[in-house]
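Q: Got a minute to go through this model with me? I'd like to talk about the ligands and the empty space.

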Amino acid sequence: MPPISSTILKGTVRHDWTRGEVEALFDAPFADLIFAAQTVHRRHFDANEVQFSQLLSIKTGGCPEDCGYCNQSAKFDTGLKATKLMEVDEVVASARAAKEGGASRFCMGAAWREPKDRDIPALTHMVREVKALGLETCMTLGMLTDEQTAALADAGLDYYNHNIDTSPEYYDKVITTRTFQDRLDTLERVRNAGINVCCGGIVGMGEEEGDRAGFLLALANLPAHPESVPINALMPTTGTPLGRPEAPDPLDFVRMIAVARLMMPQSVVRLSAGRENMSDETQALCFLAGANSIFVGDKLLTTANPGQEHDEGLFARLGIKPMAPTQRQSQAAE
Ligand code: SAM
Ligand code: DTB
Ligand code: SF4
């Protein structure tokens, strides 16, 4: 009797996952788990296609939140220089370069607890100008009010990134300046405004396997699966409380990708931060486990990412092709 049930192998979208089921997936033999993840992946996606997004930090550092993993918090001395919100023209120039480098989505991130209302006109201007280049747009700005969400939706923002980061149980070991429920509230606003949801978390913050299960359980049992699920490996920075944790076993990271793929079969799962510290072989296993999106370019928000040359070499070796936005839209979750 195979440990992964035929029901799971069907790749049906469900929102009633139990902790026991998820723990059984984490405990499954590696080959069974990867086979199941690849089977489900192929039901919904072309297994040789990966979506390429590029990040830009439009407002860096000086953030009032205390997220223990983040070098942009003003509460920790990380040596990062804080900047004010970038000018629209500079953002558009960076988006143009990202498109030339092969990105299909441009993700603009700000080190804020929440945007100020006075920043919304500049932000909506950025969305309109970046879309006009033929790129999908994504923003990650912290918590939003109903009015701010409506303004971003009206400007045509395609995705909003807002991570739950970890399990509800581990959350306050990592962040104390906002609650897990605050995150869920913003996610609900974004979903109700018709913006695609990008929501995931971080592996390698000293959490137990049970927290990884609790994190995926919280995500997959949301009323709708996020269209995009970023799984980040912690980029450790000296000066943050999580500056030097023990790096997770690469195979445990692959496991995390595979379980995310099985639990959210129609979502695009992003092998997100952390590729800089991963071997090509670990990344290849992540793609085999169902990851089908990455950040491209030599920088994430503030930390390093493998550059275009390295990635092009890897994708040539693996036969990976860029995913076309239209095809992805037609396969969007639910
Ligand atoms: N300030 C906004 C917020 O926190 O929602 C938006 C920007 S914040 C940098 C976006 C996400 O990046 C965080 O939720 C976290 O999951 C991820 N992140 C931040 N620092 C990271 C790090 N050092 N390693 C991995 N992921 C990180
Ligand atoms: C996400 O889940 N990962 C991205 C994006 N959403 C905004 C951010 C990763 C940041 C890694 C640390 C840095 O470069 O500053
Ligand atoms: Fe601020 Fe976002 Fe960093 Fe938290 S993750 S400290 S909210 S920039």
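What follows is a chat about the ligands, the cavities and the pocket.

Q: Before we start, what kind of model is this, predicted or not?
A: Predicted.

Q: OK. How many residues surround ligand 1?
A: The count is 15. The closest are Thr140, Asn163, Asp165, Arg183 and Met235.

Q: Which backbone atoms lie by a nitrogen atom of ligand 1, and at what distance? Start with Met235.
A: A backbone N or O atom of Met235 is 2.9 Å from a ligand 1 nitrogen. For Tyr69, a backbone N or O atom is 3.2 Å from a nitrogen atom of the ligand. Ala110 also takes part: one of its polar backbone atoms is 3.2 Å from a nitrogen of ligand 1.

Q: And how much of ligand 1 does the protein bury?
A: 89% of the area. On its own, ligand 1 exposes 550 Å².

Q: What classes of residue make up the shell around ligand 1?
A: There are 9 nonpolar, 4 polar and 2 charged residues.

Q: On to ligand 2. Which residues are around it?
A: Among them are Leu55, Thr140, Asn161, Asn163, Pro230 and Asn232. The list also includes Ser272, Phe295, Leu300 and Leu301. Thr302 and Thr303 are there too. Thr140 and Asn163 also count among the closest residues to ligand 1.

Q: Which side chain has a polar atom 2.6 Å from a ligand 2 oxygen?
A: That is Thr302. Thr303 has a side-chain N or O atom 2.7 Å from an oxygen atom of ligand 2. For Asn232, the distance from a side-chain N or O atom to a ligand 2 oxygen is 2.8 Å.

Q: How much of ligand 2 gets buried?
A: The protein buries 86% of the 410 Å² that ligand 2 exposes when taken alone.

Q: How does the shell around ligand 2 divide by class?
A: It has 5 nonpolar and 7 polar residues. No charged residue is in that shell.

Q: Now ligand 3. What's around it?
A: Three cysteines are in the list: Cys63, Cys67 and Cys70. Glu65, Tyr69, Ser73, Ala111, Trp112 and Arg178 are there as well. By class, the shell of ligand 3 has 6 nonpolar, 1 polar and 2 charged residues.

Q: Where does ligand 3 sit?
A: In the largest cavity. Ligand 1 sits in the largest cavity, and so does ligand 2.

Q: How much space lies in the largest cavity?
A: About 850 Å³. The structure holds 4 cavities of 30 Å³ or more.

Q: What lines the largest cavity?
A: The lining has 42 residues. Tyr69, Cys70, Gln72, Asn163 and Leu301 lie nearest the centre. By class, the lining has 21 nonpolar, 14 polar and 7 charged residues.

Q: Which strands supply at least two residues each to that lining?
A: β1 (49–59), β2 (105–110), β3 (136–140) and β7 (228–233).

Q: Switching topic. How much space lies in the largest pocket?
A: About 310 Å³.

Q: And which residues lie nearest the centre of that pocket?
A: Ala233, Leu234, Ala247, Pro248 and Asn277. They belong to a lining of 19 residues. The pocket lining divides into 10 nonpolar, 6 polar and 3 charged residues.

Conventions. Residues numbered from 1 in each chain as written. Chains lettered and ligands numbered in written order. Predicted model: local features only at pLDDT ≥ 70, side-chain atom pairs only at ≥ 80, totals over all residues. Heavy atoms only, no water. Near = heavy atom within 4 Å. Polar contact = N/O pair within 3.5 Å; in protein donor to acceptor, adjacent residues only side chain to side chain. Areas by Shrake-Rupley, 256 points an atom, 1.4 Å probe, with all protein chains shown as cover. 1 Å grid on protein atoms, 1.4 Å probe; cavity = no way out; pocket = protein on both sides within 12 Å on 5 of 7 lines; lining within 4 Å. Sits in = over half its atoms within 2 Å of the grid points. Nonpolar A, V, L, I, M, F, W, Y, C, P; charged D, E, K, R; others polar. Points joined across faces, edges and corners; volume = space filled by probe spheres on them. Helix = DSSP H or I, 4+ residues; strand = E, 2+ residues; numbered from the N terminus.
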